[in-house]
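Student: Got a minute to go through this one with me? I'd like to start with the helix packing.
Tutor: Sure, let's open it.

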Amino acid sequence: MLTRIFFKVFLLIFFVSLNLNAAIKDPVKAENGMVVSASELASKVGADILKKGGNAVDASVAVGFALAVTFPYAGNIGGGGFMVIHLEDGLNTSIDYREKAPAKAHRDMYLDDEKNVISGMSTEGWSSGGVPGSVAGMIYALEKYGTLSLKEVIKPAIELAANGFPLSYRMANDINGFREYFLMYESSKKIFTNKGQPKVEGEMFVQTDLANTLKLIKENGRDGFYKGNVAELIVKQSGELGGFIEIEDLENYEPVEREPITGEYKDYKFISMPPPSSGGIALAQALNIIENFNFEKNEWGSSRYIHTVSEVLKYVYADRSQHLGDEDFYNVPKEWLTSEKYAEEIASKIGDIAVPSKEILPCDIPIYESNETTHYSVVDKFGNAVSVTTTINSGYGSKVVVDGAGFLLNNEMDDFSAKPGVPNQFGLLGNEANSIQPNKRMLSSMSPTIVTKNDKPYIVIGSPGGSRIITTVLQVILNCIDFGMDIQEAIDMPRFHHQWMPDRIDYEKFGMSGDVKKSLENRGQTIGIETVVGRAQGIMVDKNGTLWGASDSRGFGKAIGY
Ligand code: DON
C-alpha cells in the first residue's frame with residue numbers, strides 16, 4: 001500500500017516537473033559562436049561565416065544581406081537599420097544607417113489643403129519611402145570592423161536569391177496574406193505572386209532581379225546600389241509612382257557612426273542605440289527609474305510590478321513624443337533624460353495609484369545642453385558582440401518592389417510626425433523634434449542593445465514591434481537580471497506594454513490573470529487589449545563563457561551556434 005502511494009507521488013512529481021520543463025524550450029547552447037535571427041537560412045549563413053573564422057561583424061553583414069533574400073517581410077536592402085557593436089578590446093560603438101527623408105520632403109507633405117493628414121500617403125506606395133541606408137551602413141561596418149571581404153559575406157545571399165529556396169508553409173502564407181497589396185504593383189505581383197495566384201508551400205522561391213542587384217553590390221560596393229543601374233531604376237519608378245527620391249538623394253546618402261547610449265543597471269552596463277533611435281534613451285530612462293524600486297524574484301507578473309513599470313513607461317513615452325528626433329536637426333536633451341537626478345525625480349512621483357496619462361506631460365528641460373522590422377544578435381569566439389535591428393517599417397514595407405531591381409522599398413516616412421497630435425501607425429505622437437525636414441532621419445524605436453557584465457557581453461538583444469520594441473527589450477533585460485530567467489524564458493514569458501498614450505496597459509495571452517487585472521484597476525490603471533508584444537532574438541553569455549541563443553517562440557526564427 002505504502003509503496004503504491006510512494007509510486008503515485010513519484011509519478012505526480014515526475015509529470016509535474018516534466019510539464020514545467022516542457023513549458024518553455026531550452027535555449028540553444030554553443031561554446032564558440034552564436035547567431036540568432038528571424039530566419040533559419042540567414043542564421044545558418046551567419047554561423048557558417050563564424051565557423052570560417054569571420055568575426056561577429058562579418059557574420060552580421062552576411063546575415064543582413066541573407067535576410068533581404070530569405071525574409072523579405074522585414075529583412076532588406078531597401079530600408080535601414082542600426083548596428084550596436086561591442087568589441088572584445090572594450091570599444092563600444094553604433095552605426096546608424098537609418099533611412100533619410102528625400103531632399104524634396106517637407107513638413108506638410110502628407111497634409112491636404114485643410115491641413116489634415118492624407119490617409120495612407122505616409123504608409124503605402126512610393127510616397128512613403130525614405131532614402132534607403134542598409135547597403136551603405138552594412139558596407140561601412142564591414143570595412144571598418146569586419147575582417148572578410150564584401151565578396152565573401154554577400155556570396156551566400158546571392159546564391160540564395162539566384163538558386164532560390166523552398167518556400168515554407170509559413171512564409172508562403174505570410175506572403176499570400178499581403179497578396180491584395182502586391183497585386184496593386186506589377187513589379188511586386190511578378191515576385192510575390194504566381195502570375196496573380198497565391199504562392200505555394202514547397203515551391204522554389206527564386207529572385208533573379210534581386211540576385212543581379214546583389215551582384216552589382218558585390219562588384220561595385222555601395223556604388224552598385226547608390227549609383228548606376230540600380231539607382232536609376234529606383235529614381236525612374238519613384239518618378240512614375242509619385243515618390244520623392246531623386247538621384248542626388250541616393251548619391252549623398254551616408255551612414256553615421258555614433259557614440260552609443262551607455263548606462264548602468266545594478267551590476268551591469270548596457271550599450272544601446274542613440275538618436276535617431278529613441279530606444280537607447282528610453283531604455284536608459286526606464287532602467288534608471290526602475291532601479292529605485294526593488295522587485296523580489298516572486299513579484300514577476302504581480303500587479304505591483306506591472307503597475308510600477310507601466311507608470312515608468314508613461315513618463316518615458318511622454319518625453320519621447322516631445323524631445324526625441326534626429327540629433328543632426330534637433331537638440332535632443334540626452335544628458336538630462338538619462339540622468340539619475342531626473343530618474344529619482346520621476347521615481348518619487350510613482351506611488352501605488354496610477355497617474356492618468358493626460359496629467360503626465362513631457363518634462364521641461366532644466367539644463368542647457370549643447371548639445372515590421374527584424375532583429376539579429378551575434379557573438380563570436382573572440383568575444384565580440386553585435387546587435388542589429390533593421391526594418392522597412394511595416395511588413396513588406398511600402399509593398400512596392402523596385403521594378404527590375406527585385407527589392408522592396410521601405411515606408412519609413414510614417415515614423416516622422418506628419419502633424420503634431422496625430423498618431424502614426426504605431427499610435428505614437430510626435431512634435432517639432434520629429435517633424436519632417438529634407439534629409440532628416442525619422443525617429444525610431446529600434447533598440448539593438450548589448451548588456452555587459454565585467455565589461456564582457458552578457459546579453460545581446462533586440463526586437464521588432466514598432467513602439468513595443470522598447471518595452472520588449474526592457475522586459476527581457478529585467479527578466480534576466482531581476483528575475484533570474486534564462487534567455488529563452490526571458491524572451492518567451494508573456495509581456496505587457498504601456499506607451500503613455502493611449503493610457504492603457506496592453507498584455508499578452510495568459511500574461512495577466514483576472515486577479516492581477518482587478519488589482520491593477522484598483523490602482524487606477526486601465527486594462528487595454530490582448531495583443532502580441534515584440535518578437536525578440538537574443539543571446540546570453542554565462543559566467544563560463546558558454547553561449548545560449550534564443551529565438552522568440554512568438555516567431556519562427558532560429559538560434560544556430562557551434
Ligand atoms: O523604426 C521604428 O521604430 C519602426 N519603423 C519599427 C517598425 C517595426 O518594428 C514593425 N514591426 N512590427
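**Helix packing and beyond**

Tutor: Helix α2 (residues 40–51) packs against helix α5 (residues 150–163) at an angle of about 150°, and their axes are 10 Å apart. Angles over 145 degrees count as roughly antiparallel, so α2 is roughly antiparallel to α5. Keep in mind that this is a predicted model.

Student: Which hand does the crossing of α2 and α5 have, left or right?
Tutor: The α2 and α5 crossing is right-handed.

Student: Which residues of α2 and α5 meet?
Tutor: From α2, Leu41, Val45 and Ile49. They meet Glu152, Val153, Pro156 and Leu160 of α5. By class, that contact has six nonpolar residues, one charged and no polar.

Student: What about α13 and α17, at what angle do they pack?
Tutor: About 45°, with the axes 10 Å apart. Here α13 covers residues 279–290 and α17 covers residues 468–481. That angle makes α13 oblique to α17. The crossing is right-handed.

Student: And which residues make the contact of α13 and α17?
Tutor: On the α13 side, Gly279, Ala282, Leu283, Ala286, Leu287 and Ile290. On the α17 side, Ile470, Val473, Leu474, Ile477 and Leu478. The contact of α13 with α17 has 10 nonpolar residues, one polar and no charged.

Student: How far apart are the axes of α14 and α19?
Tutor: They are 9 Å apart. Helix α14 (residues 303–323) and helix α19 (residues 514–522) pack at about 50°. Therefore α14 is oblique to α19. Their crossing is right-handed.

Student: Who makes that contact between α14 and α19?
Tutor: Ser303, Ile306 and His307 from α14, with Val516, Ser519 and Leu520 from α19. The class split for α14 with α19 is three nonpolar, three polar and no charged.

Student: Switching to the ligand. How many residues surround it?
Tutor: There are 15 around the ligand. The closest are Glu372, Thr373, Asn393, Glu412 and Asp415.

Student: Which side chain has an N or O atom 2.6 Å from a nitrogen atom of the ligand?
Tutor: That is Glu412. Glu412 is also among the closest residues to the ligand.

Student: And what sits by the oxygen atoms of the ligand?
Tutor: For one, an N or O atom in the side chain of Arg98 is 3.0 Å from a ligand oxygen atom. Gly466 uses its backbone: a backbone N or O atom there is 2.7 Å from an oxygen atom of the ligand.

Student: On to the backbone. Where is the peptide bond with omega near 15°?
Tutor: It runs from Pro275 to Pro276, and it is cis. Pro276 is in the loop between β9 (268–272) and α13.

Student: What is the peptide bond from Met501 to Pro502, cis or trans?
Tutor: The bond from Met501 to Pro502 is cis, with omega near 0°. Pro502 is in the loop between β14 (496–497) and β15 (505–507).

Student: Why flag cis bonds at all?
Tutor: Because most peptide bonds are trans. Likewise, most residues other than glycine have a negative phi.

Student: What is the phi of Tyr396, positive or negative?
Tutor: Tyr396 has a positive phi of about 60°, and it is not a glycine.

Student: Where is Tyr396 in the chain?
Tutor: In the loop between β11 (385–391) and β12 (449–453).

Conventions. Residues numbered from 1 in each chain as written. Predicted model: local features only at pLDDT ≥ 70, side-chain atom pairs only at ≥ 80, totals over all residues. Heavy atoms only, no water. Axes fitted to C-alpha atoms, helices over the stretch in contact; angles between N-to-C directions. Helix = DSSP H or I, 4+ residues; strand = E, 2+ residues; numbered from the N terminus. Parallel < 35°, antiparallel > 145°, perpendicular 65-115°, else oblique. Left-handed = near helix turned anticlockwise from the far one by under 90°. Contact = heavy atoms within 4.5 Å. Nonpolar A, V, L, I, M, F, W, Y, C, P; charged D, E, K, R; others polar. Near = heavy atom within 4 Å. Polar contact = N/O pair within 3.5 Å; in protein donor to acceptor, adjacent residues only side chain to side chain.
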